[in-house]
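Subject: Structure handover

Hi,

Here is the structure for you to load. Please keep it open while you read the notes below it.

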Amino acid sequence: MERPTRPVLQIALWTAAAAGALLLGLTAVGSIGSDLAGTQTQPLSAEQVDARLAQQAATAAPPAPAPVPTTAPASAPPAVVQAGTAGNILVRCDGAAPRIVSVNPAQGWEREDDTDIGPAEVVFDGDDVPDVRVTLSCAGGVPTGRVATVPED
């Protein structure tokens, strides 16, 4: 009768490999929290934390004075100018001049970027509908818009 040496050898090798993996894992978990030299890091007590914070506060530089603004104060907050169903425009007034902050076309519309459009105008191009031109202006620091349809060429 022949002895089953091959399965016994396989079980023994598997057990040795599992034990080695377990030992490696335990060593890795045990080294968490220590540096490369193997020394352990100890947490500070509440008294040590208070002492270090007090020492740091005593040696800290005094706060720097607030910077003096060198520019004019900010203009009024932007306002939304509606362009009907074509979308809307976020506009800010710098004095009497309107400044476009952002253009938000509605779904199915896009902003047209032709060279004949002025800096205070926005043209929305729609699919199979006349374009919409919004001429922006400022009255008393409040942005307004005049909406007109542009016939198709």
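What follows is a short tour, from the overall fold down to single residues.

**Overall**

Please note that this is a predicted model. The protein has 153 residues, and 14% of them count as buried. Its secondary structure consists of 2 helices and 7 strands. In sequence order the pattern reads α-α-β-β-β-β-β-β-β. The exposed area is about 11900 Å². Carbon and sulfur atoms supply 61% of that area. Take the contacts with a separation of 6 or more: 22% of them join residues 24 or more positions apart.

**Salt bridges**

How many salt bridges does the structure hold? There are 3.

- E121 and R133 pair up, with N to O at 3.1 Å. This pair links distant parts of the chain: E121 sits in strand β5 and R133 in strand β6, 12 residues apart. R133 has 22% relative accessibility, so it counts as partly exposed.
- R99 pairs with D94, and their closest N and O atoms are 3.5 Å apart. R99 is partly exposed, at a relative accessible area of 39%. D94 is partly exposed too, at 37%.
- R111 pairs with D113, and here the closest N and O atoms are 3.9 Å apart. The cut-off for a salt bridge is 4 Å, so this pair is counted. R111 is partly exposed at 37%, whereas D113 is exposed at 65%.

**A buried acid without a partner**

D131 deserves a look. It belongs to strand β6. D131 is buried, yet it has no salt bridge. Which side chain of opposite charge is nearest to D131? It is R133, at 7.3 Å. A salt bridge needs a nitrogen within 4 Å of a carboxyl oxygen, so D131 and R133 do not form one. R133 has its salt bridge with E121 instead.

What surrounds D131 once neighbours within four places in sequence are set aside? The contacts are E112, V123, F124, D125, G126, A148, T149, V150 and E152.

**Surface patches**

Two patches are worth marking.

The first carries negative charge. E110, D127, D128 and E152 gather there on the surface. One of these, E152, is also in contact with the buried D131.

The second is nonpolar. L44, V49 and L53 make it, and it covers about 240 Å². L44 is in the loop between α1 (5–30) and α2 (46–59). At 39% relative accessibility, L44 counts as partly exposed. Patch residues need over 30% relative accessible area, so L44 meets that condition.

**D128: backbone and exposure**

D128 comes up again for its backbone. Its phi is positive, about 60°, although D128 is not a glycine. Where is D128 placed? It is in the loop between β5 (121–126) and β6 (131–139). Is D128 buried or exposed? Its relative accessible area is 83%, and the cut-off for exposed is over 50%, so D128 is exposed.

**Two glycines: G87 and G108**

G87 lies in strand β2, residues 87–94. With 9% relative accessibility it is under the 20% cut-off, so G87 counts as buried. Beyond four places in sequence, G87 is in contact with Q82, N104, P105 and A106. G87 and Q107 are 20 residues apart along the chain, and their C-alpha atoms are separated by 8.1 Å.

G108 is placed in the loop between β3 (97–105) and β4 (109–112). G108 is partly exposed, at 40% relative accessibility. How far apart are G108 and G87? They are 21 residues apart in sequence and 9.8 Å apart in space, C-alpha to C-alpha.

G108 also touches D125, G126 and D127, not counting residues up to four places away. Of these, D127 belongs to the negative patch. D125 and G126 are also contacts of D131.

**Where to start**

I would open the view at D131, which is buried and has no salt bridge. Then go to D128, in the loop between β5 and β6. After that, take the E121 and R133 salt bridge.

Best wishes

Definitions and conventions: Residues are numbered from 1 along each chain as its sequence is written. This is a predicted model: local features need pLDDT of at least 70, side-chain atom pairs count only at pLDDT 80 or more; totals for chains, interfaces and linings use all residues. Side-chain values use heavy atoms; hydrogens and water are left out. Helices (H or I, at least four residues) and strands (E, at least two) are DSSP runs, numbered from the N terminus. Buried means under 20% relative accessible area, exposed over 50%, partly exposed in between (1.4 Å probe, protein chains only). Contact means heavy atoms within 4.5 Å. Accessible areas come from the Shrake-Rupley method with a 1.4 Å probe; for residues, only the protein chains shown count as cover. Patches are made of residues with over 30% relative accessible area and no salt bridge: like charges are joined within 9 Å, nonpolar side chains (Val, Leu, Ile, Met, Phe, Trp, Tyr) within 5 Å. Lys and Arg count as positive and Asp and Glu as negative; His and the chain ends are not counted. The place of a charge is taken as NZ of Lys, CZ of Arg, CG of Asp or CD of Glu.
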